[in-house]
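Let's take a walk through this structure together. Have a look at the sequence and the fold, and then we'll go piece by piece.

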Amino acid sequence: MSVITAIALLVLAVLHAYILVLEMFLWQTPRARAAFGTTEEFAAATKSLAANQGLYNGFLAAGLAWGAFAAEPVAFPVRIFFVVCVAVAGLYGAATASRKILFVQTVPALIVLALVLAHGRGA
């Protein structure tokens, strides 16, 4: 794996760790409400749902980091699996919640996927 691919995986992991923080811990703050376009009332009513969603983003971040640091033969399939999970989650989010998710989540995931595929196993 190239250094650029490793950095791209880690940047994607950091993005999802940040989303975890927003959804699990900052959901009711003005920053998170602005990021997700929610009202104070909606944020209060959906706090536990957002925390659950944040936890899943944490799992994505952990898997991406694992893929960045894992050794072969495990690394390549882990990278593919977690990057595809991010892309699919982004597509679903864009279709059901906000088109913005397509550009925040899916497009970066597809770029990382292209890097992972281009550099293959241990290349």
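A word on confidence to begin with: pLDDT is the predictor's confidence in each residue, from 0 to 100. This is a predicted model, so local features need pLDDT of at least 70 and side-chain atom pairs count only at pLDDT 80 or more, while totals for chains, interfaces and linings use all residues. Residues are numbered from 1 along each chain as its sequence is written, and side-chain values use heavy atoms, with hydrogens and water left out. The protein chain averages a pLDDT of 94, and 98% of its residues score at least 70. Among its elements, helix α3 (residues 40-45) has the highest mean, 97, and α2 the lowest, 94. Helices here are DSSP runs (H or I, at least four residues), numbered from the N terminus.

Now for helix α1, residues 3-24. Its 22 residues should span 32 Å at 1.5 Å a residue (counting one less than the number of residues), and its end C-alpha atoms are 31 Å apart, which agrees. Many names turn up on its buried list, including L9, L12, H16 and E23; buried means under 20% relative accessible area, exposed over 50%, and partly exposed in between (1.4 Å probe, protein chains only). The buried residues of α1 pack against α2 (30-36), α4 (47-69), α5 (75-96) and α6 (100-119).

V3, also in helix α1, counts as exposed because its relative accessibility is 61%.

Over in helix α5 sits A75, which counts as buried because its relative accessibility is 0%. Leaving aside neighbours within four places in sequence, A75 is in contact (heavy atoms within 4.5 Å) with G67 and A70.

Technical notes: Helices (H or I, at least four residues) and strands (E, at least two) are DSSP runs, numbered from the N terminus.
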